[in-house]
Amino acid sequence: MNVPILIHPGTPDEAVRNAYYSGFSPEVNTAFATYGLGWHYDAGIQFIRLILAGTFDRLPSLQIILGHWGEVVLFYAERLAVMDRVANLKSPVASYLRENLYVTASGMFLSHFLDRAIAIVGEERIIFSTDYPFQYRAGNDARKFLEKCNLDETDKAAFAHANWMHLTRDRHAD
């Protein structure tokens, strides 16, 4: 279809929740399995599974969007690269991160997360987002983060809207 696919976090399967995210109060179990950590790990794992299954070798133009600064994947890029020795892929794992992945902020307004995303996927593959209403905080946090982030004006405009426009316009032009 020549459009990007967003892998959005969802509640892990019951067996996964029971194995990894249980043993506390029902409220803590639910929070741990979902917004606390579980659904971020699960969404990131699904992206890694696409890489390891050779999906991007077969469909090199496929573009995936992960929210929340890459759903933990970017923070383990060095460890994931170790699988290059055994995965029998056409390219190193780092190449798929740079060529097939876009990441959004999703309301996580931390400058060191932005820096990490840029280091792994590049300035042209980061997209600003707020994750409203889930990560909404009063006080214009989203605008403040965008205004004060450590990007020059060109990269800031790309982050704010131009990267998204490039991603979607290029897909619709074909």
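Let's start in a loop: Asn 88 sits in the stretch between α6 and α7 (93–100). At 73% relative accessibility, Asn 88 counts as exposed, and its backbone has a positive phi of about 55° although the residue is not a glycine. The model you are looking at is predicted, so please read each value here as computed from that model.

Trp 69 makes a nice companion to this loop residue. Trp 69 also has a positive phi, about 55°, without being a glycine. Its setting is helix α5 (residues 68–71). With 0% relative accessibility, Trp 69 counts as buried.

**The overall fold**

Stepping back, the chain holds ten helices and four strands. Along the sequence they come in the order β-α-α-α-α-β-α-α-α-β-α-β-α-α. The radius of gyration is 17 Å, close to the 16 Å that the globule rule gives for 174 residues, so the chain is as compact as a globular protein of that length. Along the principal axes, the C-alpha atoms fill a box of roughly 50 × 50 × 30 Å.

How much of the chain counts as buried? The share is 43% of the 174 residues. The chain exposes about 10100 Å², and carbon and sulfur atoms supply 57% of that area. If you look at contacts with a separation of 6 or more, residues 24 or more positions apart account for 69% of them.

**Charges and salt bridges**

The chain carries 16 positive and 20 negative charges, and the mean positions of the two sets are 2 Å apart. Side chains of opposite charge can pair when their charged atoms come close. A search of the whole structure finds three salt bridges, set out here with their N to O distances.

| Positive residue | Negative residue | N to O distance |
|---|---|---|
| Arg 116 | Glu 78 | 2.7 Å |
| Arg 143 | Glu 147 | 3.9 Å |
| Lys 156 | Glu 153 | 3.7 Å |

Take the pair of Arg 116 and Glu 78, whose closest N and O atoms are 2.7 Å apart. Arg 116 belongs to helix α8 (residues 111–121) and Glu 78 to helix α6 (residues 77–81), so this salt bridge ties together parts that are 38 residues apart in sequence.

The pair of Arg 143 and Glu 147 lies within helix α9 (residues 141–148), where the two residues are four apart, about one turn of the helix. Arg 143 is exposed at 58% relative accessibility, while Glu 147 is partly exposed at 46%.

Helix α10 (residues 153–173) holds Glu 153 and Lys 156, which are three residues apart and so separated by about one helical turn. Are these two partners buried or exposed? Glu 153 is exposed, with a relative accessible area of 59%, whereas Lys 156 counts as buried at 13%.

Asp 57, in helix α4 (residues 55–58), offers a charge of another kind to think about. Asp 57 is buried yet has no salt bridge. Which side chain of opposite charge is nearest to Asp 57? That is Lys 90, at 5.7 Å, beyond the 4 Å limit used for a salt bridge. Leaving out residues up to four places away in sequence, Asp 57 touches Leu 89, Lys 90, Ser 91 and Tyr 96.

**Packing around the helices**

Helix α2 (residues 26–36) has Asn 29, Ala 31, Ala 33 and Thr 34 as its buried residues. Those buried residues pack against α1 (14–20) and α3 (38–52).

Thr 34 turns up again in the surroundings of Thr 11: not counting residues up to four places away in sequence, Thr 11 touches Arg 17, Thr 34 and Trp 39. Thr 11 has its place in the loop between β1 (5–7) and α1, and it is partly exposed, with a relative accessible area of 47%. From Thr 11 to Tyr 76 the C-alpha distance is 22 Å, for a sequence separation of 65 residues.

Back in helix α9, you will find Ala 142. Setting aside neighbours within four places in sequence, Ala 142 is in contact with Phe 109, Phe 128 and Thr 130. The C-alpha atoms of Ala 142 and Phe 128 are 9.0 Å apart, and the two residues are separated by 14 positions in sequence.

Methods. Residues numbered from 1 in each chain as written. Predicted model: local features only at pLDDT ≥ 70, side-chain atom pairs only at ≥ 80, totals over all residues. Heavy atoms only, no water. Rg over C-alpha atoms; globule rule 2.2 N^0.38 Å. Buried < 20%, exposed > 50% of the residue type's maximum accessible area, 1.4 Å probe, protein only. Contact = heavy atoms within 4.5 Å. Areas by Shrake-Rupley, 256 points an atom, 1.4 Å probe, with all protein chains shown as cover. Lys, Arg positive; Asp, Glu negative; His and termini not counted. Charge placed at Lys NZ, Arg CZ, Asp CG, Glu CD.
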